[in-house]
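Colleague: I would like to go through this model with you and ask, for each term you use, what lies behind it. Please show the structure first.

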Amino acid sequence: MIVEKDRVVSIGYSLKDDSGSVIDASEGNEPLVYLHGNGNLIPGLEKRLEGKKAGERVTCVIEPAEGYGEHDESLVFKVTKDEFEGADIEIGMQFEAHGEEGAQIVTVVGIEGNDVTIDANHPLAGEKLHFDVNIVEVRAATPEELEHGHVHGGCECGGDCGDECGDEECGCGSGGCGCGGD
């Protein structure tokens with residue numbers, strides 16, 4: 001079975017920056033499992049995996065436009081310390097902010113007096129991403145996975161916890177469970 005829209009794909013991967021430093025990797029963990037063609041991976045990587053099959057390896061460089069976008073200076077701005085409700089703020093800290101487009105993660109990039117500079121860009125915006133991907137498995141998606149736009153599965157303890165694993169967004173049971181496997 002090949003990687004194409006609405007197939008469930010399992011991949012092992014490593015992600016490095018331009019200097020060769022590892023940003024993220026699946027080594028030592030379970031493969032990443034996602035529903036292909038549904039916006040669950042960055043567009044450039046989905047495009048490079050399209051048409052491949054289990055056992056194939058893909059090595060590629062994804063430009064910012066097909067990754068997390070270019071760094072947008074308009075998303076770097078100042079707020080006052082009061083916005084953080086007494087939290088002890090340090091450069092590099094990340095917070096969840098809620099705005100017109102919903103929740104997003106912002107990073108503290110500067111502190112000067114009562115002013116805090118935050119960056120709402122994705123931490124990898126503007127970066128070239130170097131992927132080494134091994135396609136582990138490709139399977140057909142279930143009707144429920146297709147309806148919800150993401151992969152469902154039992155919990156990591158090996159059992160199927162059903163609704164106890166509740167994905168809070170859709171209540172479909174795709175998350176972890178209280179059995180210690182999450």
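Modeller: Let me start with a pairing in this predicted model: strand β3, residues 32-35, is joined to β1 by 4 bridges, and the two strands run antiparallel.

Colleague: What makes β1 and β3 a pair?

Modeller: Two strands pair if at least two bridges are found between them, and β1 and β3 have 4 bridges, so they meet that definition. Within this pairing, Val 9 stands opposite Tyr 34 of β3.

Colleague: Which other strands does β1 pair with, and over how many bridges?

Modeller: Strand β9, residues 129-140, is joined to β1 by 10 bridges in an antiparallel arrangement, and strand β2, residues 22-25, pairs with β1 over 3 bridges, also in the antiparallel sense. Set against the requirement of at least two bridges, the count of 10 for β9 and the count of 3 for β2 both satisfy it. As examples of bridge partners, Ser 10 is matched with Glu 137 in β9, and Lys 16 is matched with Val 22 in β2. β1 and β2 form a hairpin with 5 residues between them, and in its turn Gly 20 has a positive phi of about 90 degrees.

Colleague: Why is β1 described as largely enclosed by the rest of the structure?

Modeller: That description follows because 9 of the 10 residues of β1 are buried. For the protein, by way of background, buried residues make up 33% of the 182 residues.

Colleague: Why is Ser 10 called buried?

Modeller: Ser 10, which is placed in β1, residues 7-16, has a relative accessible area of 8%, and the term buried applies under 20%, so Ser 10 is counted as buried. Leaving out residues up to four places away in sequence, Ser 10 touches Pro 31, Leu 32, Val 33, Asn 134, Ile 135, Val 136 and Glu 137.

Colleague: Is Glu 145 buried or exposed, and how do you know that?

Modeller: The relative accessible area of Glu 145 is 1%, and since buried means under 20%, Glu 145 is buried. Glu 145 sits in helix α2, residues 143-148, and apart from neighbours within four places in sequence its contacts are Val 8, Leu 35, Arg 139, His 150, Val 151 and His 152.

Colleague: What makes the approach of the Glu 145 side chain to the backbone nitrogen of Thr 142 a polar contact?

Modeller: A polar atom of the Glu 145 side chain lies 2.8 Å from that backbone nitrogen of Thr 142, and the cut-off for a pair of N or O atoms is within 3.5 Å, so the distance meets it.

Colleague: Which polar contacts does the side chain of His 150 make?

Modeller: His 150, found in the segment after α2, has a polar side-chain atom 3.4 Å from the backbone oxygen of His 148, and a polar contact of 3.3 Å joins the side chains of His 150 and His 152. Both the 3.4 Å value and the 3.3 Å value fall within 3.5 Å. Along the chain, His 150 and Leu 35 are 115 residues apart, yet their C-alpha atoms are separated by 5.4 Å.

Technical notes
Residues are numbered from 1 along each chain as its sequence is written. This is a predicted model: local features need pLDDT of at least 70, side-chain atom pairs count only at pLDDT 80 or more; totals for chains, interfaces and linings use all residues. Side-chain values use heavy atoms; hydrogens and water are left out. Buried means under 20% relative accessible area, exposed over 50%, partly exposed in between (1.4 Å probe, protein chains only). Contact means heavy atoms within 4.5 Å. A polar contact is a pair of N or O atoms within 3.5 Å; within protein, one must be able to donate a hydrogen and the other to accept it, and residues adjacent in sequence count only if both atoms are side-chain atoms.
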